[in-house]
Every structure is written in structure tokens, then in C-alpha cells.
Amino acid sequence: MSNHPTVEERIGHGVLRTALVAAAVVVALSSFYVAPKLAERIEGTRTTAVAADGQPGSLASANPSGDAAGKTGVSKAGGGGGGGAGNATPRSGLSCTGDNGGKTDVGVDSKSVNLAGTEVESGIGASFLGPVHYGIQAVLQKVNREGGVCQRQVHLVLKDDGWDTQRGRNFLRNFIDSNQYFALAVVPSSNGLDSAATGHDIENAQDPVRGGTGIPVIGTDGMLNSQYSNPWIWPVAASTATSMRIMAHDAVVRAKKQYGGGYTPHLGIVYDQTYPFGPEGAGAFVNEARREGATVDQPQCTVALQAGQNGYGTQAKGFNDSCGEQSGHPVDFVALLLEPQTAETWLRETPFLGTTASGKGLGFGGPQPLFDKNFADHCGATCNNMEVWTSFFPPINPYDQQKDVRTFKADLCAVDNNCEVDALSAFTESGYVGMELVVESLTRTSPDLTRDRLRATLDSTSGWNNGLTGPLTWKKGNHLANTSMVAFRDTYSGGAASFQNLFDSQYTDPCASCHDAALGS
């Protein structure tokens, strides 16, 4: 038999070689093509592929083994709770024995509960909201590893909306309209949620399985007032308005203690007017200061900044001339209601920071977006002695001695290689606590898991003590559960920042029932 190939074989080999060359060309050319970035993170064994334009894909299995990798390479899918709410075994009085209810509502079957939310992994908000997903993962991984909620695995899809209002709202509406998700979990991206809440997307969400309307949004970080007034949203963090009222109150108390009860404190604020949290919080700060007898000169000492600018030299000079030491009547305290990137840029302009050259004054402070070690390290000596506030108990003396705080830190370090830094962030801790509330409320509502029953569970949750905040209570018509804050001093030394607890600084909102108008509204 001849060893030479036949005509048919030569043709076949030629076709094969042509195909291989073509494939090689495709591969080579593909290196010059960047596919649309998927705005997704896999948290569980399922994911929705959604292109950056916000159009939904289909719910599909990511990996039957459960080892789905998110875009940051965190390999374990799903979640698990630490501390109080994340226990796979229900707390005393809860029972998940027998049939777990099967397919009881949208996004629920006998083996899983499917949840969704938006996060911030890009854009200006990532500087303080970026690590939140680690707090969420710490709870999810633990609870799924220990059996899930009443034999149901908890699956979560998070999509990065860049803290963009319209994009975030589009993502949330796509989640709702897809009829694949039982509830929205944590939703650390506040701007899109604010738009969805004020636009009535949340309470008008259709339930094609049980009938009725409304989708639960559980464990949010607060920030905006719309989260506390919506009957379908349950925040775990104090609102920006609460934090700013507390900051104003604290400044007045310290001023009168230092200068005497008859003294009239003079306060100033620099705030971000680009995002809703700025005008809302500034309005709360100015109104509380005036309720307590302080003065806030407008517009000289209420400086509104556009976020993300390269510099604020003109605004800083105007503030210094009117409200700084050279003005002859400097403010006693300066509140910085800014996200970290804008705060760093503002501070580079050498603005007056509430303390004169002789040491007189109360200094400067910031709310939860600035309680963040990443920011403190980057800010360096410029932020030395800044007072920063959080509505959670962080792993800092004396709270680091508490069992639940230690559990939070251990759970976070199981999923986050940068946990030593990320643990010192109000929003990382908020993500953890928010996901604990998700797990706790799902457990208490099971086995007959429906949206209406979950809503009733949450609206009757009283004195929920997760160990990372004071006891929290939600009632129908009142979802303002967390109204307290504690302050720390940012201390920079040896090339790194640390926080020291100010032991006399834990306050409750002095006017929690107040509905202060946003500044400029």
C-alpha cells in the first residue's frame, strides 16, 4: 500500500490547515478587541450576564460545584453569616424542619433563594463603596457553607453601576422586570436605589407568582432619606442626615463646654453638591446647628463643590477669606461632607480646618464615607486629628474586644486579603450587617417564603442585636432603625493612619423625627 496521501486526503488536510490558520488569525485579532465589560459579580452558583449597557441576560448556572469566581478572583460563591444573623442553624424559636415550602414566590424554589443588587466597583464612589462586597461575601459564604437558609442556598447577583443614578436605576428595574429575583439585598449603590425608590419602582414591582406588588430591599447602607420612608426598604446604617445632625450637635456641645454655655458656636460645612447625599446632609447639619443656637453663615461658610474636579483653589480661598483665621471671625468647626476623592482634592488647597494657629477651635470632621482607612492612609498627615463618624462598632479598641466584632473581622479575613484595611471602613461593615439582616429575615420567614410574609417579618423585628450596632427596630411606617453614631480620631504617624475612639462621643440623633430640607432646595 502506498504511503502517499490520496487526493481526498490532501484536500481534507488542506481544509484542516486553512481552518487552523483562520482560527489562529481570529485568536490573534481578538487580542486587539476588548469585549464589553460585564457589570456583574457572581455571589453564589448563579449569575446574570449583563453588558455594561444594562441589558439583562438570562439566569444560568455558573458552576455546579458552587466554586464560581467573581471578577476579582474570589472563588467561593454564595455566602454565610457571622455574628448573630449569619448562623445557618436558626436562632432559638425558629424552625426549618420538614418541607421548606418549595417554590413559594418569585426567585424561590426548594433549593435556592435568588437575590440581586447593585454595587460600586468603578467611578468616584468606588473609593469608599468598593470593599462592601467583601462584607456581603463574608456572610453569604459562611451561611451557604453551613447549609444555607432552611436548606435553600442563597444566590446573589451584584452589578456594578459606577454609582451612576440612571444606570443604577436601569439595573434595578431590569432585576425587577426579569421576575427572577425574590428580593434586593444590601444595594450599596445608593444613587440608583434613590431614583428607583422616588420613582416608585420598588413598591410597584409586580409579583407574578403570588400577585400584588412590592419587592423587599433589605439591609441597605442608608445614606439617603428615601430609603427610610419607603415601606419596602429596610436600612441598617444611620442616614447621612442623622450623621450630620449628630456632628452639628457634638460641635455645639464641645464649643459650649470649652467656651461657656453663653457662647454662640460658629460652624461651617463643605459638601458635595453632585450627589444627593451632599445637599441632604448639609441641610440637616445647618438646620440642627441653628436649632441648637449655633450660626452657619450662608453662603460664605456653606461651600458646595462639584465632585471630581482637579482643584478647588477659588472655593478654598473664598472660604478662608470669609470663614478662616484671616477673616477675623473663623468658624469653630468645619464639617466635610464629601466622598474621599473630592475630600483629598479639597484638602490639598490648604483650606481652614477649624483650628487657628494658636490652637483655638474644634477642628474638622467627616461622616461615614470618610471613616475609611484607605482614605486615611492616602490623605496622610493632612487628615491628622480629623474626627470621623460611623454607625457601626469597628474592630478598634474598645470594640475589638467584643465577640461579634471579632467574628466580623474573622469572617471578613476569610474572603478578603486586604481585610486589615477594609475592616476599618463603615461601608464594609454595613455590607456585612446588611447581609446578616437578609439571612436573619429569610430564616425567620421560612419555610413559606413570600415577599409579603418577609415584609411582615421585617416590620415586626424589634431589638435586633447583631453586636455591631445598638439594637435595631423596624416598624411599619418607621424604618429609621439606626440613629446612633460614634466618633474616632484619625491619627497619622509613621506612614500609616489609625483611629482612636473618642469615648465621650457616642450620640443618638438629636432630632430623628425632623425632615430637614436639602440645602439649596
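Which hand does the link of Cys413 and Cys419 have, right or left? I looked this up in a predicted model. With 95 degrees about the S-S bond, the link is right-handed.

**Entry 1: the disulfides**

I began with the total, and the structure holds 4 disulfides. I went through three pairs, among them Cys413 with Cys419, whose sulfur atoms are joined at an S to S distance of 2.1 Å. I then checked the burial of both ends. Cys413 is partly exposed, at a relative accessible area of 30%. Cys419 counts as buried, because its relative accessibility is 6% and the cut-off for buried is under 20%.

Next I took Cys379 and Cys383, which form a disulfide with their sulfur atoms 1.9 Å apart. The torsion about the S-S bond of this pair is about 75 degrees, so I noted the disulfide as right-handed. Cys379 is buried, with a relative accessible area of 11%. Cys383 is buried too, and its relative accessible area is 0%.

I then looked at Cys301, which a disulfide joins to Cys323 with S to S at 2.0 Å. Here the torsion about the S-S bond is about -105 degrees, so this disulfide is left-handed. Cys301 sits in the loop between H8 and strand S10 (302-305), while Cys323 belongs to helix H9 (residues 313-323), so the pair ties together parts that are 22 residues apart in sequence. I found both Cys301 and Cys323 buried.

**Entry 2: Gly268**

Cys301 led me to Gly268, since Cys301 is among the residues that Gly268 touches. Gly268 is found in strand S9 (residues 267-272). I recorded it as buried, with a relative accessible area of 0%. Leaving aside residues up to four places away in sequence, Gly268 touches Phe285, Cys301, Val331, Phe333, Val334 and Ala335. I also looked up the spacing of Gly268 and Gly354. The two are 86 residues apart in sequence, and their C-alpha atoms are 8.5 Å apart in space.

**Entry 3: helices H7 and H8**

Phe285, one of the residues touched by Gly268, is also one of the H8 residues that meet H7. Two packed helices are described by the angle between their axes and the distance between the axes. I therefore looked up both values for helix H7 (residues 240-259) and helix H8 (residues 277-291): the axes come within 8 Å and cross at roughly 35 degrees. H7 passes H8 in a right-handed crossing.

Which residues of H7 and H8 meet? From H7 I listed Thr240, Ala241, Met244, Arg245, Met247, Ala248 and His249. From H8 I listed Phe277, Gly281, Ala284, Phe285, Glu288, Ala289 and Arg291. The residues of this contact divide into 8 nonpolar, 3 polar and 3 charged.

**Entry 4: Phe371**

I looked up Phe371 in the loop between strand S12 (364-366) and helix H11 (373-379). Is Phe371 buried or exposed? Its relative accessible area is 0%, so I entered Phe371 as buried. Its contacts, not counting residues up to four places away in sequence, are Val388, Trp389, Thr390, Pro394, Ile396, Leu424, Ser425, Ala426, Phe488 and Phe499. I also took the C-alpha separation of Phe371 and Arg489, which is 9.7 Å for residues 118 apart along the chain.

**Entry 5: two threonines**

Thr428 has its place in helix H14 (residues 426-445). I found Thr428 buried, with a relative accessible area of 0%. Not counting residues up to four places away in sequence, Thr428 touches Pro131, Val132, Gly135, Phe408, Leu412 and Asp422.

Thr469 lies in the loop between helix H15 (451-459) and strand S14 (484-493). What relative accessible area does Thr469 have? The value is 2%, so Thr469 is buried. I noted a polar contact of 3.3 Å between the side chain of Thr469 and the side chain of Asn466. Beyond residues up to four places away in sequence, Thr469 touches Ser391, Phe392, Phe393 and Asn482.

Terms used:
Residues are numbered from 1 along each chain as its sequence is written. This is a predicted model: local features need pLDDT of at least 70, side-chain atom pairs count only at pLDDT 80 or more; totals for chains, interfaces and linings use all residues. Side-chain values use heavy atoms; hydrogens and water are left out. Axes are lines fitted to C-alpha atoms, for helices over the stretch in contact, and angles run from 0 to 180 degrees between N-to-C directions. Helices (H or I, at least four residues) and strands (E, at least two) are DSSP runs, numbered from the N terminus. A crossing is left-handed if the near helix is turned anticlockwise from the far one by less than a right angle, and right-handed if clockwise. Contact means heavy atoms within 4.5 Å. Ala, Val, Leu, Ile, Met, Phe, Trp, Tyr, Cys and Pro count as nonpolar, Asp, Glu, Lys and Arg as charged, and the others, Gly among them, as polar. Buried means under 20% relative accessible area, exposed over 50%, partly exposed in between (1.4 Å probe, protein chains only). A polar contact is a pair of N or O atoms within 3.5 Å; within protein, one must be able to donate a hydrogen and the other to accept it, and residues adjacent in sequence count only if both atoms are side-chain atoms. A disulfide is a pair of cysteine sulfur atoms within 2.5 Å.
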